[in-house]
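I sat down with this one to look up a few things and jot them here as I went.

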Amino acid sequence: MPNLRIGFRNIFDRNQGCTLSASPALVATLGETFLQQQDRSPSARSTSVAAQDIKASWTSAKAFNYMCTRGHNGTASLQQRIRTYTDSAHTTGVVDNAAADIFNFTNWSVNDVFTEFDFRILKNSVRYVTLITNMQSLNSTYTDAANPDGFMEWSRIFGGKYHEFEYQIPGGGAQLTFEDSGKQDLAADRSVKSEKGGKGRKLELSSAFFTPDDWRELQAGQRYAGFDKDVFVSLQAANGTYLEPYNHGLFKFQVLSAMDRQNSIHGASKLILVES
């Protein structure tokens, strides 16, 4: 099983020289530019359930080994094909990563209902591919022909090259909490009155096992991301069960870890990240 993976830099953002296009065209008011924003809404949306191409091109070559699609409305039949090219015009192919399921996980709870609004925070899919370092354009094709919504929708795409840590986090070192911004009040009759809020996940990860190479990547990543940029995190990459979507997604650092300049192993006791 792969170890903890974190991707700090999103090559699909505009500040990375990325231009997106869609074929066929998306809904006019819900276009592909929404895939380059951190906000969860509004989302980009197709006009039907026909195969949808999202194309990206860059002003310079990029390293690439994963692509995360956040906040989609896909079913268990959702598939993604990724073709990569060495030129910005999508003509000189590198690798054609054939269509594959990206949300066909097993062993869900009966309480995990795909169509419920609050389940949407878990609808984040990741496609891992063999690392290439000379990609200058990409074509991601999504198919989900039986989607009951009659369209496909995605709130953000995120990808590039992840760092895989030397070791997996040991037992007891990875705590997942579901946070809720809603409020509760106790009424006079002692009924608990609740105000619905937004839900999200919080990860607290032990850093006791990080190596000097891990700290090098983490130091550079935290300097770049700070509090304002989101990062990709996966604790159960390629697991194939419900554990994978419960433990991957886009997050922001809530606390920036302390690092000892003399001994990088003597850093903070944990990383704290909140869902973006």
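**Salt bridges first**

I started with aspartate 96, which counts as partly exposed at 42% relative accessibility. Note to self: this is a predicted model. Arginine 81 is partly exposed too, with a relative accessible area of 28%. I checked the pair, and aspartate 96 forms a salt bridge with arginine 81, their closest N and O atoms sitting 2.6 Å apart. The two are 15 residues apart and link distant parts of the chain, with aspartate 96 in strand E6 (residues 93–101) and arginine 81 in strand E5 (residues 79–85).

How many salt bridges does the structure hold? I got 17.

Next I pulled up lysine 199 and aspartate 180, another salt bridge, with the closest N and O atoms 3.6 Å apart. This pair also links distant parts of the chain: lysine 199 is in strand E14 and aspartate 180 in strand E11 (residues 174–180), 19 residues apart. Lysine 199 comes out partly exposed at 40%, and aspartate 180 partly exposed at 43%.

I also noted glutamate 217 and arginine 216, whose side chains meet in a salt bridge at 3.1 Å, N to O. Salt bridges with shared partners join Asp118, Asp180, Lys196 and Lys199 into one network.

**Strand E9**

Is strand E9 buried or exposed? All 5 of the 5 residues (156–160) are buried, so the strand is largely enclosed by the rest of the structure. I looked at each face: Arg156, Phe158 and Gly160 are buried on one side, Ile157 and Gly159 on the other. E9 runs antiparallel to strand E4 (residues 52–70), and 5 bridges join them. Tyrosine 66 has glycine 160 of E9 as its bridge partner.

**Nonpolar cores**

The largest nonpolar core has 23 residues, and Phe12, Trp58, Phe64, Met67, Leu138, Tyr142 and Ile157 touch the most other members. Strand E2 (18–23), E4 and strand E7 (125–143) each give two or more residues to this core. I listed contacts of phenylalanine 12 beyond its neighbours within four places in sequence; among them are Trp58, Phe64, Met67, Leu138 and Ile157. There is a second, separate core of 19 residues, including Leu4, Phe165, Ala225 and Phe251.

**Phenylalanine 209**

Where is phenylalanine 209? I found it in the loop between strand E14 (199–206) and helix H1 (212–225). Phenylalanine 209 has a relative accessible area of 12%, so it counts as buried. Its C-alpha is separated from that of phenylalanine 165 by 9.2 Å, though they are 44 residues apart along the chain. Setting aside neighbours within four places in sequence, the contacts of phenylalanine 209 include Leu4, Phe165, Tyr167 and Asp214.

Conventions. Residues numbered from 1 in each chain as written. Predicted model: local features only at pLDDT ≥ 70, side-chain atom pairs only at ≥ 80, totals over all residues. Heavy atoms only, no water. Buried < 20%, exposed > 50% of the residue type's maximum accessible area, 1.4 Å probe, protein only. Helix = DSSP H or I, 4+ residues; strand = E, 2+ residues; numbered from the N terminus. Pairing = 2+ DSSP bridges. Core = buried A, V, L, I, M, F, W, Y, C linked by side-chain atoms within 4.5 Å. Contact = heavy atoms within 4.5 Å. Salt bridge = Lys/Arg side-chain N within 4 Å of Asp/Glu carboxyl O.
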